[in-house]
Amino acid sequence: RVYSVMESRLARSEYLGGDEFSLLLRGIEKPADAAAIAERITRTMSTPFSIDGHQIAIGASVGIAMAPDDGTTTDQLMKNADLALYRAKAEGRSTFHFFERGMDEAIQHRRQIEAGLRLALARNEFRLVYQPLVGLKEDRITCLEALLRWDHAEKGTISPAEFIPIAEETGLIVQIGEWVLREACRTAMTWPTDARVAVNLSTVQFKNKKLYETVVAALQESGLPPTRLELEITESLLLAESEPTLQTLHKLRALGVRISMDDFGTGYSSLSYLRSFPFDKIKIDRSFMRDLERKGDSLAIIKAVIGLGHSLGMSTTAEGIETEEQLAAVREQGCNEVQGFLFSPPVDARAVIDMLKKEAQPKLRRVS
Ligand code: C2E
Ligand code: MG
Ligand code: MG
């Protein structure tokens with residue numbers, strides 16, 4: 001009887017959105033039985049098919065709730081299946097997820113972040129902090145990396161590691177990224193030296209056709225010479241090997257803007273990425289510095305990447321330098337530039353000016 005009540009309620013689509021479907025399965029003995037069916041559905045749905053000679057690719061995500069553990073009423077089961085579905089979608093298309101306890105809270109939190117992000121720009125809740133990159137030969141700050149901070153009204157300062165992925169999934173990164181570019185270029189014009197400013201670009205920003213125009217506008221509005229701007233991208237951008245992306249990169253570089261490969265060594269680290277585009281700079285991920293003292297192979301990799309940079313004509317930067325030992329090690333290998341807490345954490349725009357002014361004075365060059 002329970003089944004038939006559920007069946008009739010589900011048939012009336014009380015719970016479902018326009019592109020959603022429900023399956024009420026009996027005779028499921030263990031989670032793996034449901035998983036096998038979900039697997040078949042997502043696999044079948046993601047097989048491209050053709051309509052009028054056009055290849056059409058769609059996908060499906062599945063959320064699973066099991067009775068009686070995840071609920072014994074239609075309302076409970078559907079609500080929990082929906083939470084599981086939400087998670088499946090967040091993990092990428094064409095996948096399934098079981099309901100888990102605590103999901104409710106996690107998703108609530110995510111929804112709040114998402115809603116907050118939509119308002120954050122208008123509410124002026126973003127600010128940029130800057131972290132120096134120090135040229136070892138020059139013995140001065142050659143560049144400052146702009147890092148985004150979000151001061152949430154209730155939750156306090158939220159780390160970019162938490163909100164950038166959500167901004168990317170929702171597409172909000174396009175607007176936010178535009179603000180970052182403008183603000184960073186404008187701020188760099190107030191610096192007393194000609195140190196460059198580095199801005200992180202998300203892969204999603206490249207999917208927007210106006211990225212090039214956005215960069216040009218930020219440069220023109222601020223009057224910042226293109227040679228003082230560096231754009232940091234990650235390996236994931238080159239994963240798709242898309243022609244428009246490479247074209248955009250080449251156009252930006254033709255302006256005089258420098259292009260850096262960020263966090264090198266964390267993704268697929270295919271050497272072909274270094275061949276696919278003439279990067280100006282390789283930033284070696286800080287995970288290698290962390291392991292430097294404990295693992296000999298980290299030093300071997302750092303050495304190899306610096307060597308590669310030298311032969312390809314790309315400058316190298318070691319990220320996450322926290323100790324004198326790490327500094328000595330990368331210096332010995334011929335690294336060009338270093339960044340990390342040993343020199344300075346990210347600081348606000350005011351402190352940057354003080355730092356650069358101090359540096360401009362003779363003899364007082366080391367930042368601390
Ligand atoms: P990233 O671009 O690799 O930035 C460096 C991160 O390492 C920063 O974290 C910085 O505070 C941290 N860091 C620097 N030196 C050290 C060190 O010596 N030790 C340790 N443990 N950490 C160090 P943050 O500011 O939390 O940023 C995290 C990531 O968020 C950035 O990684 C970047 O991928 C992303 N991000 C930040 N701002 C933006 C932005 O405006 N746009 C985009 N698309 N991504 C951004
Ligand atoms: Mg970066
Ligand atoms: Mg990095």
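# A tour from the ligand outwards

Begin at ligand 1 and select phenylalanine 341, where a backbone N or O atom lies 2.9 Å from an oxygen atom of the ligand. The protein covers 82% of the 810 Å² of accessible area that ligand 1 has on its own. The model on the screen is a predicted one, and the distances and areas given along the way are computed from it.

With ligand 1 still in view, add the side chains of glutamate 145 and asparagine 200. A polar side-chain atom of glutamate 145 is placed 2.9 Å from an oxygen atom of ligand 1, and for asparagine 200, too, a polar side-chain atom is found 2.9 Å from an oxygen atom of ligand 1. Which residues come nearest to the ligand? Out of the 21 residues around ligand 1, these are Glu145, Arg149, Asp262, Glu322 and Phe341, so named here that they can be selected together as a group.

Next, display the whole shell and colour it by residue character: the residues around ligand 1 divide into 8 nonpolar, 5 polar and 8 charged. If pockets are calculated and shown, the space that ligand 1 takes up is the second largest pocket. The elements that contribute two or more residues to the shell around the ligand are β6 (140-152), α5 (160-170) and β10 (258-264), and of the elements, β6 gives the most, with 4 residues.

From β6, step back along the chain to the loop that precedes this strand, between β5 (126-135) and β6, and select aspartate 139. Aspartate 139 has a positive phi of about 55°, although it is not a glycine. Most residues other than glycine have a negative phi. With a relative accessibility of 38%, aspartate 139 counts as partly exposed, because this value falls between the limits of 20% for buried and 50% for exposed.

A second aspartate can be visited for the same kind of backbone angle: select aspartate 52, in the loop between β1 (49-51) and β2 (54-56). Here the phi is again positive, at about 50°, in a residue that is not a glycine. Is aspartate 52 buried or exposed? At 74% relative accessibility, aspartate 52 counts as exposed, since the cut-off for that class is over 50%.

Move on to proline 68, which lies in the loop between β3 (62-64) and α3 (74-90), and show the backbone on its N-terminal side. The peptide bond that joins alanine 67 and proline 68 is cis, with an omega of about 5°. Most peptide bonds are trans.

Now select helix α2 (residues 31-45) and, within this helix, alanine 38. Alanine 38 has a relative accessible area of 2% and is therefore buried, the limit for that class being under 20%. To see how far the chain reaches from this point, draw a line from the C-alpha atom of alanine 38 to that of glutamate 359: the two residues are 321 apart along the chain, and their C-alpha atoms are separated by 61 Å.

Continue to helix α15 (residues 349-360), beginning with isoleucine 353. Isoleucine 353 is partly exposed, with a relative accessible area of 23%, and its C-alpha atom is separated by 35 Å from that of leucine 299, a residue 54 positions away along the chain. Methionine 355 is also found in helix α15. Why does methionine 355 count as buried? Its relative accessibility is 14%, and buried means under 20%. Between the C-alpha atoms of methionine 355 and serine 344, which are 11 residues apart along the chain, the separation is 9.9 Å.

Finally, zoom out until the whole chain is in view. Its secondary structure comes to 15 helices and 13 strands, and its C-alpha atoms fill a box of roughly 85 × 50 × 45 Å when taken along the principal axes. Of the 368 residues of the chain, 41% count as buried; alanine 38 and methionine 355, visited above, are both classed as buried.

Terms used:
Residues numbered from 1 in each chain as written. Chains lettered and ligands numbered in written order. Predicted model: local features only at pLDDT ≥ 70, side-chain atom pairs only at ≥ 80, totals over all residues. Heavy atoms only, no water. Near = heavy atom within 4 Å. Polar contact = N/O pair within 3.5 Å; in protein donor to acceptor, adjacent residues only side chain to side chain. Areas by Shrake-Rupley, 256 points an atom, 1.4 Å probe, with all protein chains shown as cover. 1 Å grid on protein atoms, 1.4 Å probe; cavity = no way out; pocket = protein on both sides within 12 Å on 5 of 7 lines; lining within 4 Å. Sits in = over half its atoms within 2 Å of the grid points. Nonpolar A, V, L, I, M, F, W, Y, C, P; charged D, E, K, R; others polar. Buried < 20%, exposed > 50% of the residue type's maximum accessible area, 1.4 Å probe, protein only.
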